[in-house]
Structure formats: C-alpha cells, structure tokens
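Here is a short tour of some metal sites, meant to be read alongside the structure. Have the model open as you go.

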Amino acid sequence: MTTAAPAPFTADDYKARMDRAAQAAADAGLAGVLVAPGPDLVWLTGYQPTAITERLTLLVLAAGSEPVLVVPTLEAPDAERAPGAPALTLRDWTDGKDPYAVTAPLLDVNGRFGVSDNGWAMHLLGLQQELPTTSYASLTEALPMLRGVKDAHELERLTAAGAAADATYEQILKVRFSGRKENDVAADLAALLKEFGHSQVDFTVVGSGPNGANPHHEAGDRVIERGDMVVLDFGGLKHGYGSDTSRTVHVGEPTDEERQVHDTVRIAQDAGCAVIQPGIACQDVDRAARAVIDDAGYGEYFIHRTGHGIGVTTHEPPYMIEGEEQELVPGMCFSVEPGIYLPGRFGVRIEDIVTVTEEGCRRLNNTPREMAIVE
Ligand code: ZN
Ligand code: ZN
Ligand code: ZN
C-alpha cells in the first residue's frame with residue numbers, strides 16, 4: 001500500500017464548504033450555523049485544536065456574512081495555520097474577557113442557529129444567557145446531509161482508507177487465532193491498520209464464540225478456540241477519512257449451522273447492496289437486507305440498523321434504518337452491515353462501505369465475503 005498522500009484540501013475547498021453550509025442553513029430557515037471543535041469544524045475549516053478545553057472556540061457561519069472563527073487568544077496562532085484560515089476572519093478573546101459577549105455581536109439576536117452536536121453545553125448556555133432571544137437547533141437534525149454527499153477528493157480518500165482496511169483483513173487471515181486472546185488479534189489489527197497508512201484506529205472488534213453475539217463487544221481476555229466463529233470489525237482514519245469493514249471468520253471447520261447463518265448474512269449483505277441506486281430511500285437498503293434474514297427465520301437476531309454514513313468520522317448520517325426516508329444521492333458513502341447474533345453462541349456480521357453511483361453502488365471494500373477458515 002504505497003499510495004501517495006492525496007493533495008491537501010485548499011482554502012478554496014474550505015470556503016466552498018462554508019458557503020454551502022451557510023446557504024443550506026438559510027434554506028432551512030436558520031440564521032446560521034455555530035460549529036464547535038469536532039468533525040464538523042474539521043470538515044469546514046481543517047482546524048482541529050490540539051486540545052479541546054473549556055475555552056470557547058466557535059465558528060459562526062451565516063448567509064451573507066463572512067465566516068468568523070472565535071478563538072482563545074493563546075490558540076489563535078494555531079488556528080491561523082489551519083488550511084481553511086485564509087477563508088476566515090479570526091476573532092480572538094483573552095482570558096478574563098467574556099467570550100459570549102465577544103460572540104454575541106456576530107449573531108442575529110432573534111435568530112435560530114444550527115449548533116454542532118458535539119459542542120459543550122456550557123458554551124450554549126453561555127450564549128443563551130447573553131442573547132435570551134436567540135434559539136438553537138441540532139445541526140445534525142437541521143442539516144443531516146451537510147457532509148453526506150462526498151466530492152471526488154473525499155471519495156479518493158475513502159477509497160484509499162477502504163483499500164487499507166482490505167489489506168489489513170488479508171494479512172490478519174495469516175495470523176494464528178486459536179490459543180491467542182482476542183486482545184492479541186485486536187492488537188494485530190491495530191498494527192496493520194497503522195502499517196497500511198491509518199493515522200488513527202477507532203475500533204478493532206474481535207468477537208470470538210459467544211462474544212460475537214454481542215455487537216458492541218470490542219475485544220477481551222477470552223482465549224480463542226478451535227471451533228469459534230470470530231467477528232472482526234475494524235477501522236479508523238487514513239488521510240482524515242474513515243474505514244470500517246467487517247468479516248466473520250471461523251477457526252477450523254465450521255458446522256452446517258454456522259455455514260448457514262454465515263450464508264444468510266452474506267446474501268443479506270448482497271441484497272442490501274443490490275437495491276442501492278439514486279432516488280431510493282435509506283430505509284429501502286435496510287428493508288432489503290432485513291428481508292433475507294427474516295425469510296431465513298433469524299429476524300429477531302438482527303438487532304441493529306443496516307448501515308451508517310462515513311466520512312471524516314466513522315459513524316455519521318445517513319443511517320440505513322427503518323423510518324429514514326432520506327433519498328440516496330450519488331456520492332453518499334455508508335456501510336451495509338447486516339448481522340445475526342445468537343445469544344450465548346456466536347454472531348456473524350459482514351460489512352462493506354459503499355458509495356452511491358449514477359447506476360447503483362460501488363463497494364470500497366472488496367475482500368472475499370465467503371467465510372474464511374483461519375488457524
Ligand atoms: Zn464453530
Ligand atoms: Zn464496522
Ligand atoms: Zn460500521
């Protein structure tokens with residue numbers, strides 16, 4: 001995996017995103033968008049404070065106004081180095097000043113603002129106290145698709161992250177499973193993700209035997225044995241964009257039942273991918289995958305949604321879940337990851353990231369989905 005690093009995003013790229021966010025907010029009837037440090041700020045400006053502290057950092061976007069980043073004076077030099085900084089005005093505030101009084105003149109006093117989900121409550125409360133007539137909405141609820149449709153440069157990064165996750169899977173099949181702890185295999189996965197260019201590992205699930213039946217089990221001290229099904233689910237960030245793939249392997253020869261459950265999940269995963277095309281609803285992907293599992297009699301054991309979006313984070317909108325009527329648009333990227341979890345026995349999950357194309361979808365994970373036998 002000696003792929004060259006992609007060209008960095010430019011100030012113009014960030015300016016276009018900020019303009020789009022301000023316009024989308026106006027279209028949604030909002031006075032603007034308030035963005036705290038986190039994935040939205042990274043996506044909009046490329047700025048990621050080294051430590052997120054109690055000091056207010058806030059990007060203020062409103063249609064017709066220049067973007068302003070409110071920052072603590074001591075962090076202003078860092079903010080100035082952010083790739084999106086040339087497209088921004090910095091408004092710094094010094095310890096001892098009231099940051100909300102500094103921010104207030106930037107806001108429409110009677111406006112309603114979309115607020116990024118991950119901001120600190122104390123800052124929103126501070127603004128509310130300073131401007132009692134403003135109101136606030138969840139940015140994710142108001143503009144769920146703000147980051148949902150990826151451009152060609154984002155797709156390139158997601159494709160590279162997917163390829164690195166695939167390379168990780170190919171290598172992990174060569175390590176020994178039986179007689180080693182889940183934690184040991186998880187450490188192997190993390191090391192491989194880094195080796196293949198990830199800067200950040202978000203999760204390395206190794207769910208062996210009964211642990212595989214708990215979708216949120218990460219990895220533990222259980223020693224993997226011959227006869228175990230093992231759910232592997234791993235991912236993180238490479239060049240700032242996410243990977244997330246899952247395969248379920250078996251240590252030694254599987255039973256007929258294990259084969260049947262694995263086949264069911266594999267067929268369900270294919271069915272979910274097969275219906276993807278522009279214009280269908282997110283819930284249709286969930287329904288297509290779920291129908292296969294229902295028909296095979298395992299419906300009550302598929303206990304989570306079928307997929308989630310991915311981008312500068314490994315979990316974000318859109319969600320492939322019953323009730324989500326958001327239409328698919330070319331450039332959306334999300335997981336298709338049905339599973340069957342038999343309590344106390346074993347679990348199976350198969351997951352690829354896909355991107356919606358004009359004709360259907362393209363998978364960003366392309367390792368074999370048939371059950372691999374490991375030692
Ligand atoms: Zn078995
Ligand atoms: Zn996953
Ligand atoms: Zn996932």
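Which protein donors hold the zinc ion (ligand 2)? They are Asp233 (OD), Asp233 (OD), Asp244 (OD) and Glu351 (OE), at 2.0 to 2.4 Å from the ion. Donors here are N, O and S atoms within 2.8 Å of the metal (3.2 Å for Na, K and Ca), and water is not among the atoms, so sites may look incomplete.

This is a predicted model, in which local features need pLDDT of at least 70, side-chain atom pairs count only at pLDDT 80 or more, and totals for chains, interfaces and linings use all residues. Residues are numbered from 1 along each chain as its sequence is written, chains are lettered from A and ligands numbered from 1 in the order in which they are written, and side-chain values use heavy atoms, with hydrogens and water left out.

The table sets out two of the sites.

| Site | Donor distances | Donor angles | Spacing |
|---|---|---|---|
| zinc ion (ligand 2) | 2.0 to 2.4 Å | 58 to 148° | D-x10-D-x106-E |
| zinc ion (ligand 1) | 2.0 to 2.4 Å | 58 to 169° | G-x22-H-x7-E |

Asp244 also bridges the zinc ion (ligand 2) and the zinc ion (ligand 3), which are 3.1 Å apart. Asp244 lies in the loop between strand E9 (241-242) and strand E10 (245-251), and Glu351, 107 residues away, in the loop between strand E15 (346-349) and strand E16 (352-356). Strands (E, at least two residues) are DSSP runs, numbered from the N terminus. Asp244 and Glu351 are both buried, meaning under 20% relative accessible area (exposed is over 50%, partly exposed in between; 1.4 Å probe, protein chains only).

For the zinc ion (ligand 1), the donors are Gly227 (O), His250 (NE2), Glu258 (OE) and Glu258 (OE). Gly227 is partly exposed at 35%, whereas His250 is buried at 0%.

Technical notes. Tetrahedral: all angles 85-135°; square planar, octahedral: opposite > 155°, others 65-115°. Helix = DSSP H or I, 4+ residues; strand = E, 2+ residues; numbered from the N terminus.
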